[in-house]
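Here is a short briefing to read with the model open beside you. Please have the sequence at hand as well.

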Amino acid sequence: MKKVLVIVGPTGVGKTKLSIFLAKKFNGEIISGDSIQVYKGLDIGSAKISDVEKDGIKHYGIDILSCDDNYSVCDFQVMARNHIDEISGVNKLPMIVGGTGLYIKACIYDYEFGVHDATDSLLYEEYNKKTNDELYEELLTIDENSAKKIHKNNRKRIIRALLIHKVSNESKSDIENRQKHEKLYDAFIVGCTTDREKLYEIINKRVDIMMDSGLEDEVKNLLEKGVTFDNQCMQGIGYKEWKEYFNGNINLDEVKNLIKKNTRNFAKRQYTWFKNQMDVNWIDVNDKKSLDNLVNKIEVWYGQKT
């Protein structure tokens, strides 16, 4: 099995810094596991890694789509697996770094999808015209098990499940049930963590920096270029909160506080998801002893130490 080093954790915790350190130490190349950094022009709000921060390490999956493109977990799975083969083929260590847990799990486990890139089809437009209640009732009819796992206001996941059934004539839950949930790669998963209150302070400060760095102008420029809040790229935290501001319903401070609140809540959900869904080697990113122990474990796993 090909080896893959995975770095996960909540937003703002320090995954980028750790990933560059480990990539240099283990001759790695990095595949971004972020669902927003794929879009060109969404830089500040997505905390997109800069060329300086990359420090010479090759990255994949960043700035590969335009703002009117859609992107799914299935797209990521195909892209990431291709890059794993490519990186392994030149005797380097493939690394996946990001906070979008389902994307990462779908890549390294035997996830199977009933349809590829269905979000680009005319069917998607047809479903997108329906209300949340209409979509949910339809999903209940054809795939009750999936409907029970998805909140009725989560349009993206409901439409995805409907598309899978429409195109493949199989329910999403049936496809999932026949999977063995086995790893396809020898994946060593690192989870970044730190004191919860400290993380929230980091998140709040980072949002302040985003605002000072011109996040409002970034969103304004996107809108002037024809991007709307209905575009998938604008559904991420740091962007969707601006809709009511540009509609004249809230002020700048309210936008900033909303981004901070949504980011903190997202970080909570990320912790819960990774703890429940993956076999993670957790590390306190601010503790040197913890880092030294991690490096030792990776050396053993990677065959550099017995």
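The notes below cover the sheet, one of its strands and a patch on the surface.

This is a predicted model. Its 6 strands make an open sheet with parallel pairing, in the order 3-2-4-1-5-6. At the edges are strand 3 and strand 6 (281-284), each of which pairs on one side only.

**Strand 2 and its surroundings**
- Strand 2 covers residues 28-32, and 5 of its 5 residues are buried, so the rest of the structure largely encloses it.
- The cover extends to both faces: Gly28, Ile30 and Ser32 are buried on one side, and Glu29 and Ile31 are buried on the other.

**Pairing within the sheet**
- Strand 2 runs parallel to strand 4 (residues 93-97), with 5 bridges between them; here Glu29 sits opposite Pro94 of strand 4.
- Strand 2 is also parallel to strand 3 (residues 59-60), joined by 2 bridges, and Ile31 faces Tyr60 of strand 3 as its opposite residue.
- Strand 4 pairs with strand 1 (residues 3-8) too, in the parallel sense over 3 bridges; Leu5 has Met95 in strand 4 as its bridge partner.

**A charged patch on the surface**
- Asp195, Glu197, Glu201, Asp284 and Asp287 together form a negative surface patch.
- One of these patch residues, Glu201, lies in helix 10 (residues 196-212).
- Is Glu201 buried or exposed? Glu201 has 57% relative accessibility, and exposed means over 50%, so Glu201 counts as exposed.

Methods: Residues are numbered from 1 along each chain as its sequence is written. This is a predicted model: local features need pLDDT of at least 70, side-chain atom pairs count only at pLDDT 80 or more; totals for chains, interfaces and linings use all residues. Side-chain values use heavy atoms; hydrogens and water are left out. Buried means under 20% relative accessible area, exposed over 50%, partly exposed in between (1.4 Å probe, protein chains only). Helices (H or I, at least four residues) and strands (E, at least two) are DSSP runs, numbered from the N terminus. Two strands pair if DSSP finds at least two bridges between them. Patches are made of residues with over 30% relative accessible area and no salt bridge: like charges are joined within 9 Å, nonpolar side chains (Val, Leu, Ile, Met, Phe, Trp, Tyr) within 5 Å. Accessible areas come from the Shrake-Rupley method with a 1.4 Å probe; for residues, only the protein chains shown count as cover. A salt bridge is a side-chain nitrogen of Lys or Arg within 4 Å of a carboxyl oxygen of Asp or Glu. Lys and Arg count as positive and Asp and Glu as negative; His and the chain ends are not counted. The place of a charge is taken as NZ of Lys, CZ of Arg, CG of Asp or CD of Glu.
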